[in-house]
Amino acid sequence: MSHNHLSSEERDGGAINYKNLVIALAAVGLGFFGILVIGLAWYFQSNAGVSQGQSSISSQTLKEARLGHVTRLTKQKRDASVPVQPPGRVLQLVKYSSPVGELPAYLTPSGGGKSPAMIWLTGGFSNGIDAVWQPAPKDNDQTASVFWKVRGPGGTALVMMYPALRGGSSGPGVKESFYGEVDDVLAALRYLKSLHNIDSDRIYLGGHSTGGTLALLAAECSSGFRAVFAFGPVEDPATYGSTYLSYSLGDEKENSLRSPIKWLHGITSPTFVIEGTGGNIDSLRAMRSATTNANIHFLEAPKQDHFTVIYPVSALIASKIEADTGAKCNITMSEAELRAALSR
């Protein structure tokens with residue numbers, strides 16, 4: 001159990017002890033008035049506890065809620081596949097240090113100088129890395145290679161990092177289904193920041209499907225990303241089903257710490273949640289209704305699905321990143337820009 005979850009007695013320890021007060025009043029024989037005081041006292045005590053509890057939950061961030069918590073897994077899953085050596089001129093196979101040990105990742109070379117970078121989290125449940133350099137159709141390009149293959153007028157090279165996560169691609173650890181993987185994403189961020197050819201102030205995070213869900217959780221735990229782009233995430237991982245998850249869906253604490261919708265208030269980086277109206281659009285709308293955080297922008301792509309939306313919107317984002325060279329992130333995306341990108 002996390003030390004952030006307190007019993008009602010611990011939470012309300014500083015409040016007036018109304019029960020002792022009313023017992024004293026009854027003892028001196030206040031009759032009907034004493035009974036009235038008892039009723040009022042119980043009412044105010046109950047509401048004071050509820051109010052304090054709601055305040056604690058609403059102000060706590062995911063990073064704070066995770067402190068001291070050790071996840072309880074019901075399955076020990078690993079992916080035994082070995083990363084394929086990529087073409088050297090396109091990508092290189094590297095390793096980065098995470099809390100569970102050295103994990104593999106694919107990294108594109110920079111174009112010289114200090115380059116912006118993007119950590120991209122692919123979908124699926126393998127936690128591994130695939131041959132992202134192979135051609136993919138534009139209506140289902142889950143590699144998001146448009147970020148590093150397409151150059152705008154300025155020709156800025158965007159470095160892409162595809163990290164394997166714990167338990168994936170023969171790496172150490174086991175799959176934790178959106179818990180320890182958050183720490184791996186933050187470790188990938190630290191790795192990029194340590195590279196001399198990376199502009200440490202311009203490191204972005206993106207992901208699709210399960211990768212989009214994980215990107216949101218990482219954004220809820222860290223302000224270190226310049227901007228975050230989550231394609232087709234879900235608001236609650238329970239929707240993926242027990243077949244794919246390594247923890248008990250009946251464990252409220254475990255599920256809560258993996259549910260992006262509960263912690264949206266803690267996001268401080270500009271964050272864009274994007275989905276086609278034929279995809280996980282109900283999740284997007286649920287999260288939009290659940291938050292007033294001005295840092296989060298929800299974009300619906302009409303006549304697109306969970307996969308067709310990736311390429312055209314990624315191309316738009318790539319052009320935005322190229323122009324995002326100021327001291328602070330200046331990326332915005334209007335519905336008109338989105339429609340124009342989808343029509344190309």
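Let's start with the lining of the second largest pocket. Its residues split into 13 nonpolar, 12 polar and three charged. Keep in mind that this is a predicted model.

How many residues line this pocket? The count is 28. Five of them lie nearest the centre: Thr122, Gly123, Gly124, Asn127 and Thr210. The volume comes out at about 380 Å³. Which elements give two or more residues to the lining? They are β3, residues 115-121, β4, residues 159-163, and α7, residues 210-221. The largest share is three residues, and α7 supplies it. As for the method in general, rolling a probe the size of a water molecule over the atoms shows where empty space is left.

Now the strands. Look at β5, residues 198-208. Is β5 mostly covered or mostly open? Mostly covered: eight of its 11 residues are buried. One partner of β5 is β3. The two run parallel, joined by six bridges. To find this pairing on screen, take alanine 117 and look across to isoleucine 203 in β5, which stands opposite.

β5 also pairs with β6. That pairing is parallel too, over four bridges. Here the residues to click on are leucine 205 and its bridge partner in β6, valine 228. How does the chain get from β5 to β6? The path goes through α7, and this β-α-β crossover is right-handed. So you have met α7 twice: in this crossover, and as the giver of three residues to the pocket lining. A reminder while you trace these strands: in a regular strand the side chains alternate between the two faces of the sheet.

Next, one single residue, serine 246. Where does serine 246 lie? Find the loop between β6, residues 228-231, and α8, residues 252-256. Loop or not, serine 246 is buried, because its relative accessible area is 1%, and the cut-off for buried is under 20%. What does serine 246 touch? Leaving aside residues up to four places away in sequence, the list is Leu73, Thr74, Lys75, Lys77, Lys175 and Ser177. Three of those names are lysines: Lys75, Lys77 and Lys175.

Last, the whole protein. There are 11 helices and eight strands. Of the 344 residues, 48% are buried. And the contacts? Take those between residues at least 6 apart in sequence: 74% of them join residues at least 24 apart. Serine 246 gives you an example to look at, with Leu73 among the residues it touches.

Definitions and conventions. Residues numbered from 1 in each chain as written. Predicted model: local features only at pLDDT ≥ 70, side-chain atom pairs only at ≥ 80, totals over all residues. Heavy atoms only, no water. Buried < 20%, exposed > 50% of the residue type's maximum accessible area, 1.4 Å probe, protein only. Contact = heavy atoms within 4.5 Å. 1 Å grid on protein atoms, 1.4 Å probe; cavity = no way out; pocket = protein on both sides within 12 Å on 5 of 7 lines; lining within 4 Å. Points joined across faces, edges and corners; volume = space filled by probe spheres on them. Nonpolar A, V, L, I, M, F, W, Y, C, P; charged D, E, K, R; others polar. Pairing = 2+ DSSP bridges. Right-handed = clockwise from strand over helix to strand, strands pointing away.
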